[in-house]
2 protein chains.
Amino acid sequence: MPLKKLTVLGPGLLGGSIGLAARARALAERVVLWARRPEACDDAMKFGAADAATLKIEEAVGDADLVVLATPIGVMGDLTAKMAPHLRPQTVVTDVGSVKYPVVTQISHLLEGKARFVGSHPMAGSEQAGISAASKDLFEGRVCILTPVEQTDPDALRQTADFWKSLGAVVRTLPPLEHDEIVAQVSHLPHLVAAALMNHICANGPRPLEFAGGGLRDTTRIASGPPTMWQEICVTNRDEVCRALEGLIEQLEAVRRMLHNKEDANLTAFLKRAKHFRDEMNFRK
Amino acid sequence: MPLKKLTVLGPGLLGGSIGLAARARALAERVVLWARRPEACDDAMKFGAADAATLKIEEAVGDADLVVLATPIGVMGDLTAKMAPHLRPQTVVTDVGSVKYPVVTQISHLLEGKARFVGSHPMAGSEQAGISAASKDLFEGRVCILTPVEQTDPDALRQTADFWKSLGAVVRTLPPLEHDEIVAQVSHLPHLVAAALMNHICANGPRPLEFAGGGLRDTTRIASGPPTMWQEICVTNRDEVCRALEGLIEQLEAVRRMLHNKEDANLTAFLKRAKHFRDEMNFRK
């Protein structure tokens with residue numbers, strides 16, 4: 001059943017893409033977008049990401065069936081507190097935050113008895129940001145992780161899962177803490193590694209880049225992502241990201257030792273293991 | 001002026017692509033391919049990578065204007081010694097080895113007075129291997145680094161540069177030692193990092209891959225490359241690769257410290273610097 005009113009809070013890459021995707025698939029009779037700045041409302045309308053855009057939170061979320069928090073995680077708490085009085089108990093609220101335990105804990109608490117919250121994390125970012133990079137197909141084939149907790153309403157969970165599936169996503173479920181541990185490895189760590197590679201290679205200036213091929217280009221693509229957003233993500237998931245960094249540093253120390261000590265057969269075995277896993281990821285694509 | 005006879009030694013991804021590209025662009029009256037196994041000769045003919053394919057090195061290189069060594073670096077020395085008696089002094093010999101100082105030193109010595117050698121490194125690999133992945137456009141827009149030394153014949157250098165330009169490559173020049181230092185950073189290090197990421201993430205099995213997005217996919221693509229080839233490359237460039245690993249480990253330790261010590265502003269600065277460099281690489285694309 002299509003929603004009567006879908007509200008998207010935040011007109012960035014994800015929020016804009018949700019609007020475009022929902023409208024293209026006729027998932028709601030009306031898609032309403034909330035933004036902090038008038039120009040962002042204008043842009044959202046210009047790109048066709050919403051049927052209406054407003055600066056007023058009460059207008060945005062009033063009567064909504066589904067509200068998607070698509071702002072940076074740092075402002076989700078404040079925004080939730082502001083919208084809470086205007087929600088109906090039946091409204092389903094979800095988010096797109098890249099870190100779940102603190103976000104789910106905070107928002108669940110703020111919405112207790114006021115609406116039904118389900119945490120979501122669509123793994124569909126890009127090194128590009130803003131609505132100009134938004135696409136109605138952004139979620140096609142991408143994993144979206146839902147993070148229900150004991151108190152999560154099963155019907156709200158089902159509705160949220162259906163919503164993401166309708167946008168083309170592959171829905172998986174994880175407890176919030178386990179989510180944060182896994183994405184520290186598969187998302188936050190690769191981002192920091194890409195950044196560390198760039199900063200190491202360019203430590204004495206960008207000249208080495210003149211000699212770069214497709215390998216470095218792909219390995220470091222995500223280092224172009226928005227720095228403040230990624231800082232916020234890593235800081236919010238501090239302990240898990242630290243642990244992930246430690247694990248990777250250990251692996252790199254091990255490779256360095258193999259090379260230095262001329263354990264050439266061990267190096268081959270190391271590369272073979274990595275290829276085995278990476279080929280498996282291709283297979284799952 | 002098109003070559004009368006172009007000889008390619010080794011029917012892998014690079015050798016096959018050179019044959020396809022040279023034939024598609026009519027760079028030589030005849031493209032002859034040498035392979036170690038009869039089936040490889042058959043494949044090369046089937047894929048249209050050569051006008052003739054042979055197992056006999058003397059037949060392959062006799063009368064050749066340009067010979068391209070496109071085998072794994074570990075066998076280049078032996079193969080050069082075998083072909084040396086059959087070369088003409090005017091023949092230009094080049095290679096595609098990913099490490100240059102040891103290769104250039106060895107081959108220059110073996111060919112002294114027998115042919116004119118110029119080291120080449122087309123930065124056009126892929127995570128795929130073998131002639132089935134070859135493409136006539138593999139070198140289009142890719143950097144090819146030539147590594148002349150004091151004794152390099154200027155006319156041979158010019159011919160080699162012209163050859164790679166004809167295949168669509170962007171030709172740059174570096175002394176062999178500097179080449180090895182730079183590619184340790186921009187090519188060999190990213191490969192080991194991609195492998196280390198896979199091995200770390202899958203240390204307790206491949207389950208985390210179920211939750212991976214496009215970031216991890218791109219960051220680790222090259223980890224699917226041929227393990228024995230990459231082991232050989234890293235081992236041949238051992239000292240520089242060790243140094244590159246040490247530099248990257250330092251950067252990762254620094255990020256870990258920033259996170260752990262809550263130096264959040266420093267983390268933002270780190271990510272901004274990386275984005276600045278990565279955006280510059282996009283600009284150069």
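1. Start with helix H5 of chain B. The cover over its buried residues includes helix H4 (76-83), strand S5 (92-95), strand S6 (116-118) and H7 of chain B. Helices here are DSSP runs of H or I with at least four residues, strands are runs of E with at least two, and both are numbered from the N terminus. Cover is judged by contact: two residues are in contact if their C-beta atoms, placed from the backbone, lie within 7 Å.

2. A word on the model. It is predicted: local features need pLDDT of at least 70, side-chain atom pairs count only at pLDDT 80 or more, and totals for chains, interfaces and linings use all residues. Residues are numbered from 1 along each chain as its sequence is written, while chains are lettered from A and ligands numbered from 1 in the order in which they are written.

3. Which residues of H5(B) are buried? They are Tyr101(B), Val103(B), Val104(B), Ile107(B), Leu110(B) and Leu111(B). Buried means that 20 or more other C-beta atoms lie within 10 Å of the residue's own; exposed means 12 or fewer, and partly exposed is in between. After H5(B) comes Gly113(B), with a positive phi near 80 degrees.

4. Now the whole of chain A. It has eleven helices and nine strands. Of its 285 residues, 55% are buried. Its radius of gyration, 21 Å, agrees with the value near 19 Å for a compact globule of 285 residues. That radius is taken over C-alpha atoms, and the globule rule is 2.2 Å times the number of residues to the power 0.38.

5. Look at Leu33(A). Leu33(A) and Leu33(B) touch the most other members of the largest nonpolar core, which has 197 residues. Such a core is a set of buried Ala, Val, Leu, Ile, Met, Phe, Trp, Tyr and Cys residues joined through C-beta atoms within 7 Å. Beyond four places in sequence, the contacts of Leu33(A) include Val8(A), Pro11(A), Ala44(A) and Ala53(A).

6. How do the two copies relate? A turn of 180 degrees and a shift of 0.0 Å along the axis lay chain B on chain A with an RMSD of 0.0 Å. The two copies are thus related as by a two-fold rotation axis. The fit is by least squares on C-alpha atoms of residues with pLDDT of at least 70 in both. In chain B, Thr219(B) comes closest to the axis, at 1.9 Å (C-alpha).

7. Last, the contact between chains. Each side is listed: 79 residues from chain B and 79 residues from chain A. H7(B) gives the most to its side, with 17 residues.
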